[in-house]
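Colleague: I have a few questions before I go back to the bench. Can we go through them with the structure open?

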Protein chains: 2
Amino acid sequence: MSASRDIDALIDMMARLPGLGPRSARRAVLHMIRKKELLLTPLADLMHHVAVSVRECETCGNIGGARLCDICTSEKRGTGEICVVEDVADLWAMERAAVFKGRYHVLGGTLSALDAIGPDELRIPRLVSRVAEENVTEVILALNATVDGQTTAHYIADQLEGRVRLTSLAQGVPIGGELDYLDDGTITAALRARKEL
Amino acid sequence: MSASRDIDALIDMMARLPGLGPRSARRAVLHMIRKKELLLTPLADLMHHVAVSVRECETCGNIGGARLCDICTSEKRGTGEICVVEDVADLWAMERAAVFKGRYHVLGGTLSALDAIGPDELRIPRLVSRVAEENVTEVILALNATVDGQTTAHYIADQLEGRVRLTSLAQGVPIGGELDYLDDGTITAALRARKEL
């Protein structure tokens, strides 16, 4: 009896994931139960591991397993360039394109008057202090080509003007589009053709 | 570092669920990590509970938490009618229609020469013994309107002929359609208009 309630609760919770609804959640849960040893148990274990170990990098806001993320601690990544993205999905999209060799700064969203999100809700003060403290020569604003994204880019540009070279992703980002949906080639082209603000 | 690998492994495994691909798995995993306390941890707990407690009903093949499932042990369900379905998703579809008050028999698939699935791979011998042992007056074959489903229905009808009233779901099941995708009204109409084989 309790198992049936657990199954129903599991379906309800799976249905809350983006891209899944009640019907696809039912199919996913049945599939997992049929492949209990191969899928359900390992998935539960992995989720536990991730829930326990995952944390935000204190420097850039990327997710990882330690105080600083893999990119911030990597000796292969240059310290001169910081690429500013809205969230971790956008960072992953940049990394899939594999064209940027500097470090990142994940804002955690965009400025939004409607949702009452100001600079302090985002990681903007930390970005300003990084530019002051680290040996930064260029800040690349790789924000989504939406109204909120561009508003945020302009705000950051105002904050950092005169202190560092400021660029933004250029050609290829379609108006209204989001980074996470772009193909790698478009991201590469946009990074290569970045222009002064 | 290990956390990044865990996250990648989690994405790979989520992408194997039906209805999810690599991109939607990435979005789902990021969403879960952002809502760690609300989603990731409870989901991992639920999956563990389900993985540990779920088992197949020894009588009908439905999934539940004990030797016999909730439906087989319910005193509200009649013992005279058995509804034969291919899998648990089909049983759930019948239950959502809430029109059938008897018990079920989940075959676990259909006969298939191509996949080398014979009667013994399914729960067909158990169905024949249930009809002999329990006080069954009618067997309703609620199999999908596919070639394999109808082949299986004919095989079961041959096995049980003369021992019990045999019916099948009638109007409303579209050719090539699957039970799990039907709306409740169609399932209700099909159950009401069931006809003798």
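Modeller: Start with a cut-off. Buried means under 20% relative accessible area, exposed over 50%, and partly exposed in between. Keep in mind that this is a predicted model.

Colleague: Is Arg77(A) buried or exposed?
Modeller: The cut-off for buried is under 20% relative accessible area. Arg77(A) has 12% relative accessibility, so Arg77(A) counts as buried.

Colleague: Which residue forms a salt bridge with Arg77(A)?
Modeller: The closest N and O atoms of the pair are 3.0 Å apart. A salt bridge needs them within 4 Å. The partner, at 28% relative accessibility, counts as partly exposed. That partner is Glu95(A).

Colleague: How many residues apart in sequence are the parts that Arg77(A) and Glu95(A) tie together?
Modeller: Arg77(A) lies in the loop between α4 (70-73) and β3 (81-85) of chain A. Glu95(A) lies in helix α5 (residues 88-97) of chain A. The pair therefore ties together parts that are apart in sequence by 18 residues.

Colleague: Where is the partner of Arg123(B) in their salt bridge, Glu56(B)?
Modeller: The closest N and O atoms of this pair are 2.8 Å apart. Arg123(B) sits in the loop between β4 (103-106) and α6 (124-133) of chain B. The two residues are 67 residues apart, and the pair links distant parts of the chain. Glu56(B) is in strand β1 (residues 55-56) of chain B.

Colleague: Which of Arg123(B) and Glu56(B) is buried, and which is partly exposed?
Modeller: Arg123(B) has a relative accessible area of 19%, under the 20% cut-off. Glu56(B) is at 46%, between the cut-offs. So the buried residue is Arg123(B), and the partly exposed one is Glu56(B).

Colleague: Which residue meets Glu134(B) in a salt bridge?
Modeller: The N to O distance is 3.1 Å. Glu134(B) counts as partly exposed, at 27% relative accessibility. Its partner counts as buried, at 1%. The partner is Arg130(B).

Colleague: How many salt bridges does the rule find across the interface of chain B and chain A?
Modeller: The structure holds 14 salt bridges over all chains. At the interface, the side chains of Asp87(A) and Arg34(B) meet in one, at 3.6 Å from N to O. Across the interface of chain B and chain A, the rule finds two.

Colleague: Which element gives the most to the side of chain B that touches chain A?
Modeller: The elements that give two or more residues are α1 (2-14), α2 (22-34), α3 (36-53), β2 (63-64) and α5 (88-97) of chain B. The top contributor gives 16 residues. That element is α3(B).

Colleague: What is the area buried between chain B and chain A?
Modeller: 52 residues of chain B are in contact with 52 residues of chain A. Carbon and sulfur atoms give 70% of the buried area. The area is about 5200 Å².

Colleague: Why do the copies meet through the same surface?
Modeller: Take the interface residues of chain B. They are also interface residues in chain A, so the copies meet through the same surface. The share is 100%.

Colleague: What kind of axis relates the two copies?
Modeller: A rotation of 180° superposes chain B on chain A, with 0.0 Å of shift along its axis and an RMSD of 0.1 Å. The two copies are thus related as by a two-fold rotation axis.

Colleague: Which residue of chain B has the C-alpha nearest the axis?
Modeller: That C-alpha lies 2.2 Å from the axis. The residue is Ala44(B).

Terms used. Residues are numbered from 1 along each chain as its sequence is written. Chains are lettered from A and ligands numbered from 1 in the order in which they are written. This is a predicted model: local features need pLDDT of at least 70, side-chain atom pairs count only at pLDDT 80 or more; totals for chains, interfaces and linings use all residues. Side-chain values use heavy atoms; hydrogens and water are left out. Copies are superposed by least squares on the C-alpha atoms of residues with pLDDT of at least 70 in both. Contact means heavy atoms within 4.5 Å. Helices (H or I, at least four residues) and strands (E, at least two) are DSSP runs, numbered from the N terminus. Buried means under 20% relative accessible area, exposed over 50%, partly exposed in between (1.4 Å probe, protein chains only). Buried area is the accessible area (1.4 Å probe) that two parts lose on being put together, summed over both.
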